[in-house]
Amino acid sequence: IKKGDGYEPLGIQLRPVGDTKIEAIQYEGGLPGQSSFTGKSTQLIGHRSGDLVVLSGGPWAIFVEKDKCLIIDREGNKVGQLDRIQRTSPSMGAKPPEGATVLFDGTNTDPFTGGRRTDDGLLMEGADVIPMFRDFNLHVEFRLPYMPNSLDQKRGNSGCYLQSRYEVQVLDSFATPPVFNGCSALYRQKAPDLNMCYPPLQWQTYDIKFTAARWAADGTKIRNARITVWQNGVKTHDDVEVKAKTGAGKPEAPTQLPIRFQNHSDPVRYRNIWIVDRGLASGEFPVEGTADEPPTDRPT
């Protein structure tokens with residue numbers, strides 16, 4: 001966007017709400033996760049007419065076309081242009097390192113109870129991991145459904161339940177401010193530090209470092225669980241202390257429970273799931289991806 005004699009980066013994300021209504025969020029400094037991102041945002045609103053969307057709510061009008069946004073000031077002058085980009089997580093397609101346990105590679109659902117596989121080799125929502133782990137690093141790739149006529153918790157809802165107790169929320173929160181029950185949130189306890197959710201129908205990654213709570217011999221808890229989350233390669237929670245179970249999680253106790261991929265009735269899909277038991281193996285985490293995907297921030 002033009003500022004004085006130069007230009008400053010700007011980022012805009014859009015999502016449909018119903019048939020023609022569009023909600024959007026405008027970020028100064030570019031998109032969340034980019035080095036120039038400032039965190040300052042403005043919420044916008046617009047409507048679609050054919051293949052054109054016009055957004056308002058800021059100091060200019062924004063005309064959204066298939067491959068770009070044109071920014072026009074009140075005198076009718078073009079003050080900026082934003083090219084459409086498609087971002088890809090740097091850990092997309094990450095291969096399991098030495099010592100990892102592969103939970104799902106598309107071939108079968110043997111490591112799960114309740115596991116269901118689609119015809120094209122994806123894991124469906126509603127599956128519990130049979131092996132149980134205490135301290136671990138977990139890599140998960142997920143895809144949210146396109147549900148433009150649904151809102152809030154009815155829009156692509158699932159979740160990664162660590163030890164069946166602590167939920168890292170899975171939800172279509174694209175183009176919204178970070179909230180305590182949105183995507184990557186520690187459900188109803190802590191919002192993500194920034195909203196790194198990608199659009200629905202685009203594959204995304206969670207890389208989760210979990211350290212279980214510790215208990216004394218008499219059953220009293222002596223240390224809370226801790227969670228670090230990277231969504232799409234960007235840290236959204238940094239060694240956060242979780243003082244109690246989240247939402248509908250199972251009560252805390254010294255016993256281990258399975259990791260759960262929640263069934264909330266929405267068709268969320270998973271692939272490339274692996275885990276490193278940190279009591280048996282170590283190594284760098286997250287792992288750099290190797291998938292043949294478009295590079296991050298490639299104009300489309």
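This passage describes the sheet, the nonpolar cores and the cysteines of a predicted model.

An open sheet is formed by seven strands, arranged in the order S3-S4-S5-S6-S7-S8-S9, with antiparallel pairing. Strands of a sheet pair through backbone hydrogen bonds, either parallel or antiparallel. The edges of the sheet in this model are S3 and strand S9 (78–83), each of which pairs on one side only. On average, and with direction ignored, neighbouring strands of the sheet are turned by 25° against each other.

At the S3 edge, the partner is strand S4 (residues 21–28); the two strands run antiparallel and are joined by seven bridges. Within this pair, Arg 15 lies opposite Glu 23 of S4. Strand S3 covers residues 10–16 and contains Ile 12. Ile 12 counts as buried because its relative accessibility is 14%, below the cut-off of 20%. Leaving aside residues up to four places away in sequence, the contacts of Ile 12 are Ala 24, Ile 25, Gln 26, Leu 31, Leu 55, Ile 62 and Leu 82. Asn 157 is 145 residues from Ile 12 in sequence, and the C-alpha atoms of these two residues are 24 Å apart.

The largest nonpolar core comprises 42 residues. The residues with the most contacts inside this core are Leu 138, Leu 162, Tyr 206, Ile 227, Phe 261, Tyr 270 and Ile 273. Strand S15 (residues 136–143) contributes the most to the core, with four residues. A second core, separate from the largest one, has 15 residues, among them Leu 10, Trp 60, Cys 69 and Ile 71.

Ile 227, listed above for its contacts inside the largest core, also touches residues of several kinds when those up to four places away in sequence are not counted. Its partners include Leu 162, Tyr 166, Leu 186, Ile 208 and Phe 210. Lys 209, His 237, Asp 238 and Asp 239 are also touched by Ile 227, as are Val 240 and Val 242.

A search of the whole structure for disulfides finds zero. For Cys 160, the closest cysteine sulfur belongs to Cys 183 and is 9.2 Å away, so the distance is too great for a bond. Cys 183 is likewise in no disulfide; the sulfur of Cys 197, the nearest to it, lies at 4.0 Å. A disulfide would require the two sulfur atoms to be within 2.5 Å. Cys 160 is buried, with a relative accessible area of 0%, and Cys 183 is buried at 2%.

Terms used
Residues numbered from 1 in each chain as written. Predicted model: local features only at pLDDT ≥ 70, side-chain atom pairs only at ≥ 80, totals over all residues. Heavy atoms only, no water. Core = buried A, V, L, I, M, F, W, Y, C linked by side-chain atoms within 4.5 Å. Buried < 20%, exposed > 50% of the residue type's maximum accessible area, 1.4 Å probe, protein only. Contact = heavy atoms within 4.5 Å. Pairing = 2+ DSSP bridges. Axes fitted to C-alpha atoms, helices over the stretch in contact; angles between N-to-C directions.
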